[in-house]
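The following exercises practise reading a protein structure step by step. Please attempt each task before turning to its solution.

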Amino acid sequence: MDETLAEFIKRTILKIPMTEMMTVLKAWDFLSEKQLQTVNFRQRKEPLVHDLVLLCEEKRASVHDAALLDIIYTQFHRHQKVWDVFQMSKEPGEDIDLFDMEQFKSSFVKILRRALKNVTVSFRDAEENSVWIRIAWGTQYRKPNQYKPVYVVYYSQTPYVFTSCCQLKSNIPLLGQNFETHNTAMPLQERTLELDIHMDSRIIHENRIEKERVQRVTQEAFGNYPQPRLEFAQYKLETKFKSDFNGDILAERKEPLRCLIKFSSPHLLEALKALAPAGIADAPLSPLLTCIPNKGMNYFKIRDK
């Protein structure tokens, strides 16, 4: 077990309250009862965690073992998460599909890895025919970040999917496409908890306030009317390199750094307007983008003040 994995397990165990430690570890079922009996659970938390990590090293714990522990901890503290609720809808008269959970898991992973190579996906079956899915996202060049995962709770044979807030907004559509594939369903439709539908009573808060803020900020920036058709916007940047380190080669450069950025789309302004509500970008967007309609320009030159 390498240092990165050991640190991940250590941080996960440190999150667990001492009053819940034995309960969570038994639910994890990775360390045997005999191994747990060798640990002094009355000592301070730091040495206790150290002893548990050593046991995990002896048993050669994997990333998926550690991810499963993290899922169990999150299940115990699910009320601390903010959950988005999505509903999948079928065409009228469509029959309910027969559902094979193992086939679903295998296909779910394959579809995600087809789109994104560096991703860790872990599953844990739960009560009421539900499955918890933990996804740690990476990029084309970076390994998955195990400290910023997204959790998905899916109840088979129901149209509802619950997801914790995802910091990588651009990956949300990928999740939606995955569930559409497995349910031959129409696109996911986000629902709020105040609608008259039967949802898991344990979901105590839906991110409705944030959605309303995003809609309000977007409307303030772009207005509540169709945007003028524009196919591209171009930005030329000239700036002097800034560094906190003395003697940096680029910091001594007298000539400014120059780059050209171009955004293009068949309907650029409508595309920009849809970014934040779709969860692909944070709101508000940069003033460099929202100022286009007011300034009536699509060529910009940015220099240091």
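**Exercise 1: A loop residue**

R60 counts as exposed, because its relative accessibility is 70%. The model in which this value was computed is a predicted one.

Task. State where R60 is found, and how far apart R60 and D2 are in sequence and in space.

Solution. Step 1: R60 belongs to the loop between helix 4 and helix 5 (63-76). Step 2: along the sequence, R60 and D2 are separated by 58 residues. Step 3: in space, the C-alpha atoms of R60 and D2 are 9.7 Å apart. Step 4: the exposed label follows from the cut-off, because exposed means over 50% relative accessible area and R60 has 70%.

**Exercise 2: The surroundings of Q43**

Task. Determine where Q43 lies and which residues it touches.

Solution. Step 1: the loop between helix 3 (33-37) and helix 4 (45-58) holds Q43. Step 2: leaving aside residues up to four places away in sequence, Q43 touches M18, L48 and D51. Step 3: the side chains of Q43 and D51 are joined by a polar contact of 2.9 Å. Step 4: a polar atom of the Q43 side chain also lies 2.9 Å from the backbone oxygen of N40.

**Exercise 3: Two helices**

Task. Decide whether helix 2 and helix 4 are roughly parallel or roughly antiparallel, and describe their contact.

Solution. Step 1: the axes of helix 2 (residues 21-28) and helix 4 come within 14 Å and cross at roughly 10°. Step 2: helix 2 is therefore roughly parallel to helix 4, because angles under 35 degrees count as roughly parallel. Step 3: helix 2 contributes M21, L25 and W28, which meet K45, L48, L52 and C56 of helix 4. Step 4: sorted by class, this contact has six nonpolar, no polar and one charged residues.

**Exercise 4: Strand 3 and its partners**

Task. Explain why strand 3 is described as largely enclosed, and identify the strands it is joined to.

Solution. Step 1: strand 3 (residues 130-137) has eight of its eight residues buried, so the rest of the structure largely encloses it. Step 2: S130, W132, R134 and A136 point one way, V131, I133, I135 and W137 point the other way, and all are buried. Step 3: strand 2 (residues 119-125) runs antiparallel to strand 3, with seven bridges between them, and S122 has R134 as its bridge partner. Step 4: strands 2 and 3 form a hairpin with four residues between them, and E128 in the turn has a positive phi of about 60°. Step 5: strand 4 (residues 150-155) is also antiparallel to strand 3, through six bridges; here W132 stands opposite V153.

**Exercise 5: Strand 1**

Task. Establish how many residues of strand 1 are buried and in which sense it pairs with strand 5.

Solution. Step 1: five of the five residues of strand 1 (residues 83-87) are buried. Step 2: W83, V85 and Q87 lie on one side, D84 and F86 on the other. Step 3: strand 1 pairs with strand 5 (residues 160-164) in the antiparallel sense over five bridges, with F86 opposite V161.

**Exercise 6: An open sheet**

Task. Give the strand order of the open sheet of three strands and name its edge strands.

Solution. Step 1: the order is 8-7-9, and the pairing is mixed. Step 2: strand 8 (257-264) and strand 9 (299-303) are the edge strands, each pairing on one side only. Step 3: from one strand to the next, the twist averages 15°. Step 4: strand 7 (residues 232-239) pairs with strand 9 in the parallel sense over five bridges, and K236 has K301 as its bridge partner.

Technical notes. Residues numbered from 1 in each chain as written. Predicted model: local features only at pLDDT ≥ 70, side-chain atom pairs only at ≥ 80, totals over all residues. Heavy atoms only, no water. Pairing = 2+ DSSP bridges. Axes fitted to C-alpha atoms, helices over the stretch in contact; angles between N-to-C directions. Buried < 20%, exposed > 50% of the residue type's maximum accessible area, 1.4 Å probe, protein only. Polar contact = N/O pair within 3.5 Å; in protein donor to acceptor, adjacent residues only side chain to side chain. Contact = heavy atoms within 4.5 Å. Parallel < 35°, antiparallel > 145°, perpendicular 65-115°, else oblique. Nonpolar A, V, L, I, M, F, W, Y, C, P; charged D, E, K, R; others polar.
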